[in-house]
Amino acid sequence: MVFQTFVLLSTVLDLLYICRALMELAWWVWDSFLRPMRNLKEYGPWAIVTGPTDGIGKESNRLARYHGLNLVLVGRNPSKLSLVSTEILKMNRSIEVRRIEVDLEGDINEGMEKIREGIEGLDIGIWINNAGTGYPYATFLHEADEELVARISE
Ligand SMILES: NC(=O)c1ccc[n+]([C@@H]2O[C@H](COP(=O)([O-])OP(=O)(O)OC[C@H]3O[C@@H](n4cnc5c(N)ncnc54)[C@H](OP(=O)(O)O)[C@@H]3O)[C@@H](O)[C@H]2O)c1
């Protein structure tokens, strides 16, 4: 009797465990592949992205491609900005792109003024503050270059 109860209990536990795993799998499939995308345009037709010229920021073209958002690109390097905006426009002919040249390590008040002027009259729904810097490779804090740590923390 004790043995039968033990087998029954462990079977129920196993089934519960399997159900949980199946539910997690179903949620992952829904979340990764099936869930409809949020309509970002409902916040406004424009998005602003700082640091769109490299790394993660370059993926801002997805805002145009998948959501049809117009983009304001804020960067410090005019030729990289021009290249990125040309690429985005080539892939998304129905959107507009504005470029604003600002070095965020420079005079921040001047930079903000430039951005304010650049976005005047635009209905910005999304603002992505992506510009920044990181370690060139994974490292412990105490082994990192002090100057770089200071720049990242500023
Ligand atoms: N990659 C990661 O694993 C990771 C992890 C955690 C957090 N982050 C953060 O995510 C952000 C993007 O990382 P990422 O790896 O894509 O970096 P990235 O490849 O170095 O790109 C950084 C972007 O920011 C721009 N930028 C840097 N300093 C700027 C300044 N003073 N003024 C204007 N623009 C400036 C760069 O412009 P230029 O093209 O002119 O250089 C570039 O477009 C950073 O804030 C980083 O700290 C990244």
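Modeller: Two strands pair if DSSP finds at least two bridges between them; strands (E, at least two residues) and helices (H or I, at least four residues) are themselves DSSP runs, numbered from the N terminus. The structure is a predicted model, in which local features need pLDDT of at least 70 and side-chain atom pairs count only at pLDDT 80 or more, whereas totals for chains, interfaces and linings use all residues. Residues are numbered from 1 along each chain as its sequence is written, and side-chain values use heavy atoms, with hydrogens and water left out.

Biologist: How do you know that strand 1 pairs with strand 4, and in what direction do they run?

Modeller: Five bridges join strand 1 to strand 4, and the definition asks for at least two, so the two strands pair. They run parallel, and isoleucine 48 stands opposite tryptophan 127 of strand 4. Strand 1 is also joined to strand 2 by five bridges, again in parallel, with tryptophan 46 opposite asparagine 70.

Biologist: What order do the four strands of the open sheet take, and which are called edge strands?

Modeller: The order is 3-2-1-4, with parallel pairing. Strand 3 (97-101) and strand 4 (124-129) are the edge strands, as each pairs on one side only. On average, neighbouring strands of this sheet are turned by 15° against each other, direction ignored.

Biologist: Why is threonine 50 called buried or exposed?

Modeller: Buried means under 20% relative accessible area, exposed over 50%, and partly exposed in between (1.4 Å probe, protein chains only). Threonine 50 has a relative accessibility of 4%, so it counts as buried. The residue belongs to strand 1 (residues 46-50), where five of the five residues are buried. Both faces of that strand are covered, with Trp46, Ile48 and Thr50 on one side and Ala47 and Val49 on the other.

Biologist: What makes the approach of the threonine 50 side chain to asparagine 130 a polar contact?

Modeller: A polar contact is a pair of N or O atoms within 3.5 Å; within protein, one must be able to donate a hydrogen and the other to accept it, and residues adjacent in sequence count only if both atoms are side-chain atoms. The side chain of threonine 50 reaches the backbone nitrogen of asparagine 130 at 2.9 Å, so the pair falls inside that limit. Further contacts (heavy atoms within 4.5 Å) of threonine 50, beyond its neighbours within four places in sequence, include Val74, Leu104 and Trp127.

Biologist: Which residues have the most contacts inside the largest nonpolar core?

Modeller: A nonpolar core is a set of buried Ala, Val, Leu, Ile, Met, Phe, Trp, Tyr and Cys residues joined through side-chain atoms within 4.5 Å. The largest has 14 residues, and Ala47, Leu63, Leu69, Leu71, Leu73 and Ile88 have the most contacts inside it. Strand 1, helix 2 (61-67), strand 2 and helix 3 each give two or more residues to this core; its largest share, three residues, comes from helix 3. Apart from it lies another core, of nine residues, among them Trp46, Val72, Ile115 and Leu122.

Biologist: Why are Gly111, Ile115 and Gly118 placed on the same side of helix 4?

Modeller: These three residues of helix 4 are buried. They cover an arc of only 65° around the axis, which puts them on the same side; the arc is that of the directions from the helix axis to the C-beta atoms. Asn109, Glu110, Arg116 and Glu117 are exposed on the other side of helix 4. The buried residues of this helix pack against strand 1, strand 2, strand 3 and strand 4. At the start of helix 4, a side-chain oxygen of aspartate 107 comes to within 3.0 Å of the backbone nitrogen of asparagine 109.

Biologist: How do you know whether serine 85 is buried or exposed?

Modeller: Its relative accessibility is 3%, so serine 85 counts as buried. Serine 85 lies in helix 3, and its side chain reaches the backbone oxygen of serine 82 at 3.2 Å. Leaving aside neighbours within four places in sequence, serine 85 is in contact with Leu73, Val97 and Arg99.

Biologist: Why is isoleucine 126 called buried or exposed?

Modeller: With a relative accessible area of 16%, isoleucine 126 is buried. This residue of strand 4 is 77 residues from valine 49 in sequence and 8.4 Å from it in space, C-alpha to C-alpha.

Key
Axes are lines fitted to C-alpha atoms, for helices over the stretch in contact, and angles run from 0 to 180 degrees between N-to-C directions.
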